[in-house]
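Here is a set of questions and answers on how charged side chains are paired and classified, with each value set against its cut-off.

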Amino acid sequence: MANLLHLNLRSVFIPSLSTRRHSSAAPRRHQFRVEAKVREIFMPALSSTMTEGKVVSWLKSEGDQVAKGESVVVVESDKADMEVESFHDGIMAAILVLEGDSAAVGSTIALLAESESDIALAKAQASGSGSSGSDQKTEAVTTPVAELEPVSAPLVVAAVAASVSSPVVKVASTHPASEGGKRVVATPFAKKLAKEFNVDLGRVVGSGPMGRIVAKDVELAASSAAVSEKPKDAAVAAASTVQLGSVVPFTTMQGAVSKNMLVSLSVPTFRVGYTMTTDALDALYKKIKSKGVTMTALLAKATAMALTQHPVVNSSCRDGKSFTYNSSINIAVAVAMDGGLITPVLQDADKLDIYTLSRKWKELVDKARAKQLQPQEYTTGTFTLSNLGMFGVDRFDAILPPGTGAIMAVGSSRPTVVGTKDGRIGMKNQMQVNVTADHRVIYGADLAAFLQTFAQIIEDPKDLTF
């Protein structure tokens with residue numbers, strides 16, 4: 001879903017000539033027409049936690065015509081990149097916030113002129129700064145009205161939200177890159193493919209709007225062998241790009257993570273660990289893996305099923321005075337990204353079958369990697385999973401995300417020598433999980449009971465496929 005620009009229309013009411021010709025004795029019927037001069041384009045709020053945004057790229061340059069509903073800028077919020085559309089026709093008169101720069105939500109980032117004759121007025125407004133700049137804007141538009149008879153207050157027209165039914169690839173944001181002195185504009189998915197296939201975007205001819213490079217262009221280039229040699233060790237290649245001793249400012253996402261971690265420190269938490277056998281789960285996973293089922297989906301489904309029996313563990317406390325038994329079980333799962341972390345949400349995970357849940361998870365991960373998640377897809381979690389088992393980590397503690405009651409850290413499943421019930425020694429695959437919970441709402445006995453139920457589902461997982 002694309003987002004519409006926040007536009008402030010500074011307009012003037014101009015009485016028609018027929019209005020001024022009425023005699024004083026006749027009843028006056030004011031007829032007005034609205035003369036729009038310059039519209040301010042504001043930095044939109046793309047999520048409830050967003051306080052500032054970063055301009056990733058301008059899809060329109062100064063002097064370009066802008067049509068209603070056309071994307072004009074890509075903005076990076078704290079979790080995703082989104083294309084922002086215009087709600088009005090006009091001409092891009094002045095860009096105030098350059099690509100790569102940030103601005104507070106609600107601040108002016110560009111000016112849109114109604115016609116070519118208004119461009120000079122917009123540029124004059126753009127030359128102002130601070131409050132004086134704001135005053136100049138108002139005077140520039142309203143001064144001609146002072147010569148007329150008094151009229152009503154200026155009309156303010158606000159943009160409204162609208163949805164776009166086009167696929168994600170078509171509304172994907174663009175990331176400009178400078179290669180060989182040439183500006184390259186490509187969709188995030190195209191950039192992702194280019195990175196995977198080692199395609200030099202500077203050598204790709206885009207077939208999208210305004211020459212934008214889309215996924216099929218990269219695929220065509222890759223099939224034509226326009227691919228550079230892939231580094232054998234990605235970790236070494238990445239490390240070689242790091243300048244030791246340098247100070248690097250936080251990205252927008254890192255800044256959001258930092259703020260959330262500081263908020264988490266104010267919540268009194270405690271931790272409970274549990275070890276369970278995963279032989280049956282491992283066997284089930286091998287059986288249905290070919291059908292597209294992921295281990296993440298299995299763990300999320302098992303967690304959701306356990307939460308239905310322990311609703312207090314799915315509750316949350318936001319004001320420190322009360323807590324909410326959440327009506328939905330939405331499992332957020334932590335996903336590592338370049339320069340940050342995001343938690344896509346599997347909504348109503350208890351109501352979805354394992355195959356639908358796996359497909360949904362794949363879609364969410366693809367959108368997360370492309371920075372195309374919508375706010376409701378990463379802000380609605382009621383319980384969080386963090387899994388480092390694929391890295392061989394056997395156990396760890398996770399920090400509680402603000403606004404949730406608990407987070408479960410999942411370690412790897414490993415062959416372990418254990419004692420059997422008949423007193424013999426055997427070998428079983430075992431996994432450790434640690435749950436961090438908000439002690440204002442959830443107590444030790446609550447977590448212990450939840451983990452017992454979770455372990456029973458993991459050790460006898462036949463219900464996971466129903």
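**Salt bridges and accessibility**

In this predicted model, the side chains of Arg440 and Asp438 meet in a salt bridge, with N and O 2.8 Å apart.

Q: Why is the contact between Arg440 and Asp438 called a salt bridge?
A: The N to O distance is 2.8 Å, and the rule asks for a side-chain nitrogen of Lys or Arg within 4 Å of a carboxyl oxygen of Asp or Glu, so the pair qualifies.

Q: What makes Asp438 buried?
A: Its relative accessibility is 1%, and buried means under 20%, so Asp438 falls in that class.

Q: Why does Arg440 count as partly exposed?
A: Arg440 has a relative accessibility of 34%, and because partly exposed covers what lies between 20% and 50%, that is the class it receives.

Q: How do you know that Arg271 and Asp397 form a salt bridge?
A: Their closest N and O atoms are 3.8 Å apart, which is within 4 Å and therefore meets the rule. Arg271 sits in strand β13 and Asp397 in the loop between β18 and β19, 126 residues apart, so this pair links distant parts of the chain.

Q: Are Lys367 and Glu377, which meet in a salt bridge at 3.0 Å, buried or exposed?
A: Lys367 has a relative accessible area of 18% and Glu377 has 12%; since buried means under 20%, Lys367 and Glu377 are each buried.

Terms used
Residues numbered from 1 in each chain as written. Predicted model: local features only at pLDDT ≥ 70, side-chain atom pairs only at ≥ 80, totals over all residues. Heavy atoms only, no water. Helix = DSSP H or I, 4+ residues; strand = E, 2+ residues; numbered from the N terminus. Buried < 20%, exposed > 50% of the residue type's maximum accessible area, 1.4 Å probe, protein only.
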